Structures are given as structure tokens and as C-alpha cells.
Amino acid sequence: MSGAAPPVNSTEAEGETMKGTLTVEDAELRYGDGDPVLSGVTVTARPGEVLAVTGTSGAGKTTLLNAMAGVLQPRAGSVAVDGTPLTGRDHAVSLKVVLIPQENGLAAILTAAENISVAVLATGGTPADARRRTAESLEALGLSGQANQLIDELSGGQQQRTALARGLALHGDVVLADEVTSELDAANRQRVLDLLRAEAARGAAVVFATHDPEAAAACDRELHLADGAATWARP
Ligand SMILES: Nc1ncnc2c1ncn2[C@@H]1O[C@H](COP(=O)(O)OP(=O)(O)OP(=O)(O)O)[C@@H](O)[C@H]1O
């Protein structure tokens, strides 16, 4: 017997990293010459789980998700998917890192369905994939009746759900959802939490930024941001 600690799970026993494992290692995140928003952040988002990132307004939730998405490069430390450091947003997209942004990022001049189809096509889906995934994701979010409405004609909550439908339609290995329930009623919030859970169940690593304690409680683990640092509220 070697006396070494036993591996935590079978994946580690095989010496492999699961596909879609996102690791943030001792990262310092800041904008331009400003003070660091976050320092010394270390966290792993694992396939199959929903990780909540919590903190008050301005604590750095969006900043951390942007770093995980390749939008913001860490000033120190690293952000990597399956051990490959992210070099930018395009690189992260190629590694199937999907970001559902807080400001929904939808094109106002397109319909709900077009917003989703365009995104599926832009990430390598066929026209048939785009049609099928658009219909499925709109239905999952209760938006089939809004498919052909322009974004400007949708309520704030409907827009938020459309952004989610677009994110889900992309079938990411890593799904980063930034405050995606902030404008939703209780029933739709639960629907979204169920859908994020389903994303994890099909094998995605899901990271969900929220300042809603009930939503955070529905997640597997909770990383809390405060005073420029990240600590585990629930490891
Ligand atoms: N583009 C930017 N340039 C400079 N500073 C920024 C930028 N974006 C965010 N910040 C600053 O970084 C800090 C963290 O902001 P961030 O948006 O990450 O917080 P948050 O926790 O997501 O807040 P909220 O819950 O209000 O969305 C804030 O002090 C904010 O002013």
C-alpha cells in the first residue's frame, strides 16, 4: 500500500479531467489601471453541477463570470477550460463556453427566434439544428408564442427568458448565467432553475451569478464574493 489519499471520484482515478471543467486559479481581476475587483480567486466549476456565485451589488459577480467567459483576461493567475488557458472570448466560444449576460445581449432588430437561430448557426449548427433547437428552447422557456416578435416588443422578463433560450440552444460544455432570474416571477424563476439543473444533468458545468438567496440555495455549491475576495458559503 502506498498510503496515498484515495482519489475523490472515478474520473480522477483514471487520471483524466472531465470535459468542460473550468478552473480559475489565484486570479486577480481588474479593469484598466483600477484597483483589483477580485484577488486570489480560486474555484473549479465541474461538469454536472450548478455553482452559485453570490454577493451584493458591485461585489464582482459579473466580473468573475466575464473572466470565466474569456471576456476579461486575469491580470494574474489563470482561467482555463480542461487545462487550456482562455485567450479571449472567441477562444472560449470555440471551447463551448456559453455566456448568458446580465444585459441580455439580444439584437433588438431581430425576432426572438432569429436571435436564437443566428447564434446556433454562428457556432457551427446546421440550419436544421437551428430550427429544431430554436423551437425547443423557446418552448422550454414558455415563449413559443413570442417566437416571431421583435425583441423590442417583449417585456423585460420575456427578453431575459429569450436570452436564456438562446444560451440553452447553444448546448455549452460550460454555461455561465449572469443574474438570469432578476426580472422573473416566482413560477418563471423556478422554471429557469429547473432548466439550469437540466443543463448540469446533461453534463454541463453551470455557473449562476445571483443575489437571490433562495436561488442560490437551489444550487449545489455557493461561492460568495465580498471585499475583493471569494470564499465558500457552501463548499
Ligand atoms: N467595465 C468596467 N470598467 C471599470 N469598472 C468596472 C467595469 N465593470 C464593472 N466595474 C466595477 O467592478 C466592480 C464589480 O462590478 P460587477 O458588475 O462585477 O459587480 P456585480 O456583483 O455583478 O454587481 P451587480 O449585482 O450590481 O450586477 C464594481 O465596483 C464596478 O464598478
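The following exchange walks through a predicted model, one question at a time.

Colleague: How are residues numbered, and which pLDDT do local features need?
Modeller: Residues are counted from 1 along each chain as its sequence is written. This is a predicted model, in which totals for chains, interfaces and linings use all residues, while side-chain atom pairs count only at pLDDT 80 or more and local features need pLDDT of at least 70.

Colleague: Which residues does UniProt list for "domain: ABC transporter"?
Modeller: Positions from UniProt are given in the numbering used here, with feature names shortened, and annotations may be inferred rather than shown by experiment. Over the listed stretch the chain is 35% helix and 25% strand, with its end C-alpha atoms 19 Å apart; helices (H or I, at least four residues) and strands (E, at least two) are DSSP runs, numbered from the N terminus. The entry is unreviewed, and UniProt lists residues 22–233.

Colleague: What is the order of the strands in the open sheet?
Modeller: Two strands pair if DSSP finds at least two bridges between them. The open sheet has four strands with antiparallel pairing, and its edge strands, β2 (38–45) and β5 (84–85), each pair on one side only. The order is β2-β1-β4-β5.

Colleague: Which residue in β2 stands opposite alanine 27?
Modeller: Strand β1 (residues 22–29) pairs with β2 in the antiparallel sense over five bridges. Opposite alanine 27, in β2, stands valine 41.

Colleague: Why is valine 41 buried?
Modeller: A residue is buried if 20 or more other C-beta atoms lie within 10 Å of its own, exposed if 12 or fewer, and partly exposed in between, with C-beta atoms placed from the backbone. Leaving aside neighbours within four places in sequence, valine 41 is in contact (C-beta atoms, placed from the backbone, within 7 Å) with Val24, Ala27, Leu64 and Ala230. Valine 41 is buried because the number of other C-beta atoms within 10 Å is 26.

Colleague: What is the bridge partner of valine 98 in β7?
Modeller: Val98 and Ile100 point one way from β6 and Val97 and Leu99 the other way, and all are buried. β6 and β7 pair in the parallel sense over four bridges, and in β7 the partner of valine 98 is valine 175.

Colleague: How many of the 14 residues of α6 are buried?
Modeller: Helix α6 (residues 156–169) reaches 20 Å from its first C-alpha to its last, close to the 20 Å expected at 1.5 Å a residue, where the expected span is 1.5 Å times one less than the number of residues. What covers its buried residues includes β6 (97–100), α4 (112–122), α5 (127–140), β7 (174–178) and α7 (186–201). The helix is mostly covered, and the number of buried residues is twelve.

Colleague: Which residue of α6 is in contact with arginine 133?
Modeller: Arginine 133 is found in helix α5 and counts as buried because it has 21 C-beta neighbours inside 10 Å. Not counting residues up to four places away in sequence, arginine 133 touches Val120, Gly125 and Ala169. Among the buried residues of α6 is Ala169.

Colleague: How many polar residues are in the shell around the ligand?
Modeller: A residue is near a molecule if its C-beta atom, placed from the backbone, lies within 6 Å of it, and of the 13 residues around the ligand, Tyr31, Ser57, Lys61, Thr62 and Thr63 come nearest. Ala, Val, Leu, Ile, Met, Phe, Trp, Tyr, Cys and Pro count as nonpolar, Asp, Glu, Lys and Arg as charged, and the others, Gly among them, as polar. By class, the shell has three nonpolar residues and one charged, and the number of polar residues is nine.

Methods. Contact = placed C-beta atoms within 7 Å.
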